[in-house]
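User: I'm still getting used to reading models like this one. Could you pick one part and take me through it slowly, strand by strand?

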Amino acid sequence: MWSVSAGVLAVASLGAACTPSVTTVSGTHAPATVCSGALIFADDFNSFDLEIWQHENTLAGGGNWEFQYYNNNRTNSFVHSGLLFLRPSLMSDQFGEAFLSAGTLNVEGGEPADRCTNPQWKGCERTGTFNNPLNPIKSARIRTVNSFSFRYGRVEVRAKMPAGDWLWPAIWLMPAYNTYGTWPASGEIDLVESRGNRAMTLYGVPIGVQEVCSTVHYGPYPALNGWERARWIRRNAAGYHSNFHRYQLEWTPDYLRISIDDLELGRVTPGNGGFWQFGGFNSNPNIENPWRFGSKMAPFDEKFYLVMNLAVGGTGYFPDGVRNPSPKPWWNGSPTAARDFWNARGHWLPTWNLNVNDGRDASLQVDYVRIWAL
Ligand SMILES: *[C@@H]1O[C@H](CO)[C@@H](O)[C@H](O)[C@H]1NC(C)=O
């Protein structure tokens with residue numbers, strides 16, 4: 001990262017032609033000058049730079065009540081041979097099994113790097129019970145929230161999806177300042193997410209690791225989110241865990257476009273009515289448009305930061321009623337979902353290959369992240 005930034009800055013200070021860019025940046029690792037077409041952020045993961053990547057430290061499973069505890073621990077996130085690994089492990093390895101249904105875990109720490117990053121959904125302290133055990137999985141989510149945010153540009157992330165039942169990796173962008181209000185009013189761009197299950201079909205269609213999905217979220221409030229009009233799926237019979245692929249975003253003042261390996265997956269080009277009209281929200285006269293003073297790209301005309309994580313399970317992304325050699329052990333909305341998941345570990349744990357090759361199969365592996373100015 002440093003050598004690349006130094007190069008970018010050197011070019012700018014030599015007074016070489018620098019065409020100003022529409023791209024804007026902020027954060028501790030943002031370049032001082034943004035020239036059109038320049039590389040403005042890069043990490044090749046030759047080392048794990050925690051000045052760039054802040055770890056989430058929370059028990060919060062988000063609105064999907066996912067089963068993982070995100071922590072800053074080199075079992076769950078590490079750099080090795082030029083690759084970043086986000087890797088799941090069992091909570092019981094560290095705390096013992098009895099702790100899950102009886103222990104109290106408070107993840108708030110005193111050091112600046114140890115603070116609980118998300119208190120929502122009982123994210124900073126939980127007490128396990130028989131029916132509602134503590135998060136059975138440990139994993140990692142990292143983000144550039146303090147180091148780098150940008151508005152408009154081209155992103156390329158070369159990554160390999162994990163394989164293993166109920167693993168849910170994601171590489172995405174979140175709004176840096178919630179300029180238009182809280183989620184989803186300020187938007188969310190999911191560059192790629194997938195399901196780790198090797199053999200999972202819904203109505204005969206493989207929806208596990210043979211499928212990746214990109215989604216754009218936007219709407220005036222959570223119940224009114226226009227993502228259905230901006231979601232794209234691609235399938236690959238070999239599975240996205242078997243090879244690295246390049247996941248790409250082109251984000252301009254006119255459109256959002258997602259590609260995989262240079263092949264366009266989907267694009268949103270809002271008209272002059274912006275995302276309000278694109279989402280069909282204008283049919284409801286009683287709701288105020290939070291983007292009415294923004295450009296037609298609002299909320300995607302403000303800065304976003306990068307997030308990469310490996311989630312596990314939860315109520316959102318894994319549909320009920322799927323056909324699978326190891327059937328989904330919980331139903332969405334079940335108050336005992338985490339318990340049912342943990343009790344079924346005889347089915348899913350062997351699919352993770354955690355004891356093979358440092359758990360490489362079950363890890364989200366990232367080769368590089370690169371972002372260029374428009
Ligand atoms: C990191 O995770 C490992 C595996 O769960 C655990 O044994 C270790 O105690 C953890 N380290 C800290 C500092 O929590």
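Analyst: Let's go through one sheet, then the ligand surroundings, then an odd backbone spot. Keep in mind that this is a predicted model: local features need pLDDT of at least 70, side-chain atom pairs count only at pLDDT 80 or more, and totals for chains, interfaces and linings use all residues. Residue numbers start from 1 along each chain as its sequence is written.

Here's the sheet: three strands (DSSP E runs of at least two residues, numbered from the N terminus) make an open sheet in the order 4-10-7. The pairing is mixed; strands pair if DSSP finds at least two bridges between them. Strand 10, residues 137-139, sits in the middle of that order. On the edges you'll find strand 4, covering 68-70, and strand 7, covering 89-90. Each of those edge strands pairs on one side only.

Now zoom in on strands 4 and 10. They run parallel, and three bridges join them. To see one of these partnerships for yourself, find Gln68 and look across to strand 10: Ile137 is its bridge partner.

Next, look for the ligand. Around the ligand (C-beta, placed from the backbone, within 6 Å) are Asn73, Thr75, Ser89, Asp93, Gln94 and Lys138. Two of these fall in our sheet: Ser89 belongs to strand 7, and Lys138 belongs to strand 10. Sorted by type, the shell has four polar residues, two charged ones and no nonpolar ones.

Finally, step back to the loop that leads into strand 4 from strand 3 (54-55), which is where Trp65 lives. Most residues other than glycine have a negative phi. Trp65 isn't a glycine, yet its phi is positive, about 50°. So is Trp65 buried or exposed? It's buried, because 20 other C-beta atoms lie within 10 Å; the cut-offs are 20 or more for buried, 12 or fewer for exposed, and partly exposed in between.

Trp121 makes a handy comparison. Its phi is positive too, about 55°, and again it isn't a glycine. You'll find Trp121 in the loop between strand 8 (104-106) and strand 9 (125-127). With 16 C-beta neighbours inside 10 Å, though, Trp121 counts as partly exposed, whereas Trp65 is buried.

Terms used: Nonpolar A, V, L, I, M, F, W, Y, C, P; charged D, E, K, R; others polar. Helix = DSSP H or I, 4+ residues; strand = E, 2+ residues; numbered from the N terminus.
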